[in-house]
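Me: Mind walking me through how this one packs together? I'd like the cut-offs as we go.

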Amino acid sequence: MNKLGFYPRLAARSLRLNGKFYLPYLLSGMVSAAMLYDILFLNMNQGIYYLKGANAVQGLLGFGAMVVALFSFALICYTNGFLMKRRQKELGLYNVLGMEKRHMARLLLWETIYAALICIVGGLILGVLLSKLFLLLLCAVMQAEVPFGFEVPQDAVIYTAVAFGAIFLLNYLLNLLRLGRVKPIELLKGTESGEREPKTKWLLAILGLLAMGAGYFLSLTVSDPLNALLLFFLAVILVIVGTYCLFTAGSIALLKALRKNKRYYYQTRHFTAVSGMLHRMKRNAAGLAAICILSTMVLVTVSTTLCLYMGVSDILDRMYCRDVQTYVNYGAPEDLPKVKAVYEQKARELGVQMQDFAALCFYGPATEYTNNRTDIEPYLKRANGADVVGDPADGPMRVYVGCNLPADADASLFSAAVEVATHDLELSTTWCFTDDCRAGRTDFWSSLGGFFFIGLFLGSLFLMAAVLIVYYKQVSEGYEDARSFVIMQQVGMTQREVKESIRSQVSTVFFLPLIAAACHTIGAFPMTKKILLLFGLSNTRLFLLCSAATVLIFAIVYYGIYRLTAREYYRIVKR
Amino acid sequence: MPLLEVKNLRKVYTTRLGGTGVEALKNVSFAVESGEFVAIMGESGSGKTTLLNILAALDRPSSGRVLLNGEDMAGVRERDLTAFRRDNLGFVFQDFNLLDAFTVRDNIFLPLILAGKDFEEMNARLLPLAETLGINALLNKFPYELSGGQKQRTAVARALITRPAILLADEPTGALDSKASDSLLKVFESLNAQGQTILMVTHSVTAASHAKRTLFLRDGMIYHQLYRGQRTGGEMFAEISHTLTVMTSGENGHE
């Protein structure tokens, strides 16, 4: 045998033999690489660069690329750790057969090289194939024209390859560390060491409850949109900590309480499920919490960005109700005739016909009055010689002047002229802004479209991660449970009872995170609603609808995953 | 009427391609009376396990009949088999087959829970049984905290808690050291003295010497049987060893 080719061949063989575990690993690696390439591709795409409002979107895409890279790293580390644990026995056998640790390191190196090559090359091919589709999608949500041509930016390819090369290298080093620490006899024993029953950690449970409660409290009590944005991340961290603690400690406390209740516990249906879950809750809890948090991330990201996107025209009506408009914040009624005069003068000079001209002073948020393009009249009151709307209790006074222009008139020229002229005015404050709203609208469409796109993009990445964790959990537990179910059948459990008990256990494990994720989404609702206000969106009904739709669709997808993995679990257990 | 009656039992394993079959059991007939303690001995490949699997209704014979309390086990429908097994037969395995997720108490309760009994009744059955087997103090421990002998006694308790007509034991001492084996066999003897029928498959001469009767299985047939009668354990041990020697040398074409 050619000695040189021994390790490469052995590595290839072991990848093939462990296909059931390696396939999802490689697939998810490939998909993450493809996603990284695609987001970099969009970030570097020349066609998008010249689109209106592309600046914000490309900045966002750059941020998204970082999230994808970091997340891929975490995902690959997780699956790799799982795979190494499963393969301990095999490595232990090699060790007993005379393979030293440095040989194993070589074997692992080859395996890593194969895995990296498959993920990077496969991912790039997939990414290139999908890139046009993503470009079309992005342009569609940005309401922009699709640039022609098909390009493969070299930098995107290089960045993706380097990022994933680094990820796999780090993983290899982690594996070496793992390998260095274990003793051969432990390698051989591998996963079979009996797990001690977890103790109830009341402190952790209480801590989790407190953290979770604080997170929810923040969300429910925050009143100011700006504060909401600032506190949002604190609340997220609190809820993540709370979820971890509650899943690890709370679930054990709950299950133990259930076991103490003899009438409940000693029934065929509950008996095996409760003790089985209790038995491996320590390991389970982290996985379940991760699934729960990922699901929440998917739900919150997609529902808010979807809502923003659906509400764009709503927002635009409020923010930009005229083609050109001027706000004087913290102004006074005497500013109104001055700005009004500027408008009339510039319209004469530029020879444009102003339409839907509106000029008023108002207190409080602009949106309540200005979105009625023509129906301002009924709100007006005479005060200090000017038209004033609202009440001083609603907030500081602002002056609003705006008009629409004929389709052929140049809004940017007009607004620039007004802007310059208003700066020469002697107003009661310097907070005077003039907007070209036609440009503003396109900008807004494209940046919110970009938001939505990135929400979907990251949402699907998180979803993939959740699916992967669920799959590995089911498969590994299937192998562990196979023996128990053989024994139960010997002791007198019928095939049907076996199925029922499996279903009860699997579905609890599955739907617990889903329910918790839905709860979190509902809990986050008041806070995200406030944050949406920052974007000028105050349509609660729309947001409710979007959230409900997202949760529903997510639940359906999740159920599909459940069915698939549950089937895999049955197949393993039935052997 | 004997408690268990085996008549002309034959089991042929055919390969999937339909080639020549392997005859694991050729023509086995014997009967076990209520209150007996029978050991079945034989080398590996003699058909012991096949016989036990058929007696346990885990496998069906190719021909012949097994009667329990005069009822033909072939007549039990497939879906009633589990319940039948649960109610009439108790099993003890070589490697204990306890569930790690359950305490000793819950492991013992398992068959009763599956039969839908309530907690009070289960507890009432457990206490005297745990007393007999000397596992009173262990009830709240988990299997991984027990020694081999303690595990096997737990398994015996699990097999007996349904009050089965027959206790079937498959190499019960196979994974135990000599001291634990000895104490388990004493437990079997005392259970038998209280009237429990026991059928044990083993290839340990020591284990077999505790039984009241020993059947020798060779090449799928009953080769010989020995009654203990008034003999001591030591005498029985010598007698069984002698029989095995004769049986093994007979294998080499020597009558």
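Reply: Here are some questions and answers on packing and contacts.

This is a predicted model, where local features need pLDDT of at least 70, side-chain atom pairs count only at pLDDT 80 or more, and totals for chains, interfaces and linings use all residues. Residues are numbered from 1 along each chain as its sequence is written, with chains lettered from A and ligands numbered from 1 in the order in which they are written.

Me: Within what arc do the buried residues of H15(A) fall, seen down its axis?

Reply: Helices here are DSSP runs (H or I, at least four residues), numbered from the N terminus. Buried residues (20 or more other C-beta atoms within 10 Å of their own; exposed means 12 or fewer) in H15(A) include A:Leu336, A:Val339 and A:Tyr343. The face turned away carries the exposed A:Arg348 and A:Glu349. The buried ones line one face of the helix, because the directions from the axis to their C-beta atoms fall within an arc of 125°.

Me: Which helix supplies the largest share of the side of chain B that touches chain A?

Reply: Contact means C-beta atoms, placed from the backbone, within 7 Å, and 21 residues of chain B are in contact with 18 of chain A. H2, H3 and H4 of chain B each supply at least two residues of that side. The largest share, six residues, comes from H3(B).

Me: Which helix gives the most to the largest nonpolar core?

Reply: A nonpolar core is a set of buried Ala, Val, Leu, Ile, Met, Phe, Trp, Tyr and Cys residues joined through C-beta atoms within 7 Å. The largest has 187 residues, with A:Ala33 and B:Leu168 among those with the most contacts inside it. With 21 residues, the top contributor is helix H18 of chain A.

Technical notes: Two residues are in contact if their C-beta atoms, placed from the backbone, lie within 7 Å.
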